[in-house]
Amino acid sequence: MKRCNLSAEVEIKRFIIANFARDVTPDELGSDLNLLDSGVVDSLGLLRLIAWVGDTYHIPVNDVNVSTDDFSSIDAIRSFIEESRSGVLQNDRSS
Amino acid sequence: MPSRSFLTLFSERVKIQPDAPALSWGGQIVSYAELDWMVGSMSSAIAGLDLTQDAPVCVPARKSPETIALVIACLKAGHRVLLPSDLLGADALAELCTQVGCTYVLSSRENVRFTASLGRQPEPGELGLMLTTSGSTGSPKTVVLSAEGVDRFLSWGTSQFGIKPGVIVLNYAPLNFDLCLLDIWATLAVGACAELVEQDKATDGTYLLDLCTRRALTVIQAVPMFYRLLADAILDGRAFDSVEHVICTGDALPLKLLERLPRLFPQATLWNVYGCTETNDSFLHEVTVDEALAHGTVPIGRPITGVDAVIVDESGAIIDGSGSGELLVTTPFQTRGYLDQQLNGERWREGYFRTGDTVRRDENGLFFLIGRNDYHVKVRGVRTNLQEVERVILDHLDVLEAAVVAVPDEIAGHLLHVVVRRRPYSGLNSIQLRAHSAAKLPRTAVPSVVEIVDHALPRTSTGKIDRNVVRAYREKMQLVG
């Protein structure tokens, strides 16, 4: 489980660096950085990010209620992926 | 530029102070008598050409004492002088000559005859000088100076900045710029000395530092880039104590640069001057670091005596009191208009010139430049000012230079790209810069693409960052992916 999380974190970082911050090293991109408030990911970028998470982790992002909070940081995205995969998500979200 | 009264004043100076320095160039001093002698020999050469009285001639503005003498000789002979940039391509030069009706392109080295049809006849009171302005968009526009306007400017400028015999005025601008009306032509009219910066060395900080150290300059007029190059070149604690007036013009003066100026020029008054070729100087403000910091920007100040300024909204209605909109000005120094009548209709409104600049007037009547109207773009439907974004980015301590450009985007309309030159060894990255921008700007105004570089950004011949080059480069990068 631990290994899986680490790899998701690395993959998310890679995607963000490749698409939004090419000059940055993975070390410089903090997992708790607010990607939206800091302007790293803009509203169009957010759509791409959500689509990528859906494709990569086989999460039906179009069918679930996705909140921008779920994508506000790398930590948040990782939690979102974990929760979605464990199936907790729909129940929690609908409330 | 030289009007009839300029020619009279200049001749008087030649008689009164023949041995006084008129021009300083490449380490050589040209006295008033020597300059007058050069004018004489140029006059003989012009007299040998088949030119009718009043015929306009073209003198490409390659800066040198010889070119200055040639311009004076042409005006003395009664010719109107078109003074375009000497960097203009052959085709553009030919087209310009045809428009104006110049049959000769003259230089101190060789004269080229053009078979151009005679242009429009001059109107009474038209000054002998025509300048061109490129603006940020479009082809060169020919601006016809007015004799009375130039006379009034020479008188105002010399008294405002204490230009008189014994004074040395630094000329940084290329010879075809209206700025030369002050730092060359007004200087020569009153018997002071113009220190000419060599154009091909104008971005060499070491050369500028050496020049300012060698010569006890009294007045400096230059774009902010000059001051930055000079400040960056100083490695010791040296200061220029002889300087009494430091005039910044042509571009917004960044606060970080302003803060360095009082140490460089401890005895000087700092001025921010706003103007354009069509109206000449229009606003003047005595700048203090404290006031600029309090406002967060350097004001352009208040209209010069005799200048009337109005602000209009998008519908053209005049805004009274505080507010922002396009600046319209009328000045005692302004031109008679463009050569192109159609252009006159577009840019002048009841004697007021439409500057194309957006300004803000505060409750105390102080004016602030917001930016060019054409720097406004729609990003995701939101009107965004590129210069405002740029100013915020330049506020970051590790940013040396920045250019914000709008790249067309199918979805967003435009996306903002910024290219930033960072301070060496600062380690500044795009995330830090975005966080900085996001803290001060609306989301839509935070650049979508941030590129950090360690080299200087491309600049135009006037020292402004060449946004066209930056934009073309970013558009190309966008296609590459």
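Visitor: What makes B:Asn280 buried?

Guide: Count the neighbours: B:Asn280 has 26 other C-beta atoms within 10 Å. A residue is called buried if 20 or more other C-beta atoms lie within 10 Å of its own, exposed if 12 or fewer, and partly exposed in between, with C-beta atoms placed from the backbone. So B:Asn280 counts as buried. Keep in mind that this is a predicted model, where local features need pLDDT of at least 70 and side-chain atom pairs count only at pLDDT 80 or more, while totals for chains, interfaces and linings use all residues. Residues are numbered from 1 along each chain as its sequence is written, and chains are lettered from A in the order in which they are written.

Visitor: And why is B:Glu350 called exposed?

Guide: B:Glu350 has 6 other C-beta atoms within 10 Å, so it goes down as exposed. You'll find B:Glu350 in the loop between strand 20 (348–349) and strand 21 (352–361) of chain B, whereas B:Asn280 sits in strand 14 (residues 280–286) of chain B. Strands here are DSSP runs of E with at least two residues, helices are runs of H or I with at least four, and both are numbered from the N terminus.

Visitor: What is the phi of B:Asn280, and of B:Glu350?

Guide: B:Asn280 isn't a glycine, yet its phi is positive, about 60 degrees. B:Glu350, also not a glycine, has a positive phi near 45 degrees. Most residues other than glycine have a negative phi.

Visitor: Why is helix 5 of chain B called roughly perpendicular to helix 6 of chain B?

Guide: The axes of helix 5 (residues 147–160) and helix 6 (residues 180–189) of chain B cross at roughly 90 degrees and come within 10 Å. Angles of 65 to 115 degrees count as roughly perpendicular, under 35 as roughly parallel, over 145 as roughly antiparallel, and the rest as oblique. That puts the pair in the roughly perpendicular class.

Visitor: Which residues of helix 5 and helix 6 of chain B meet?

Guide: Among them, B:Phe153 and B:Leu154 from helix 5 of chain B, and B:Leu182 and B:Trp185 from helix 6 of chain B. Contact means C-beta atoms within 7 Å.

Visitor: What makes a nonpolar core, and how many residues has the largest?

Guide: A nonpolar core is a set of buried Ala, Val, Leu, Ile, Met, Phe, Trp, Tyr and Cys residues joined through C-beta atoms within 7 Å. The largest has 119 residues, with B:Val59 and B:Met130 among those with the most contacts inside it. A second, separate core of 28 residues includes B:Leu386 and B:Val450.

How values were computed
Axes fitted to C-alpha atoms, helices over the stretch in contact; angles between N-to-C directions. Contact = placed C-beta atoms within 7 Å.
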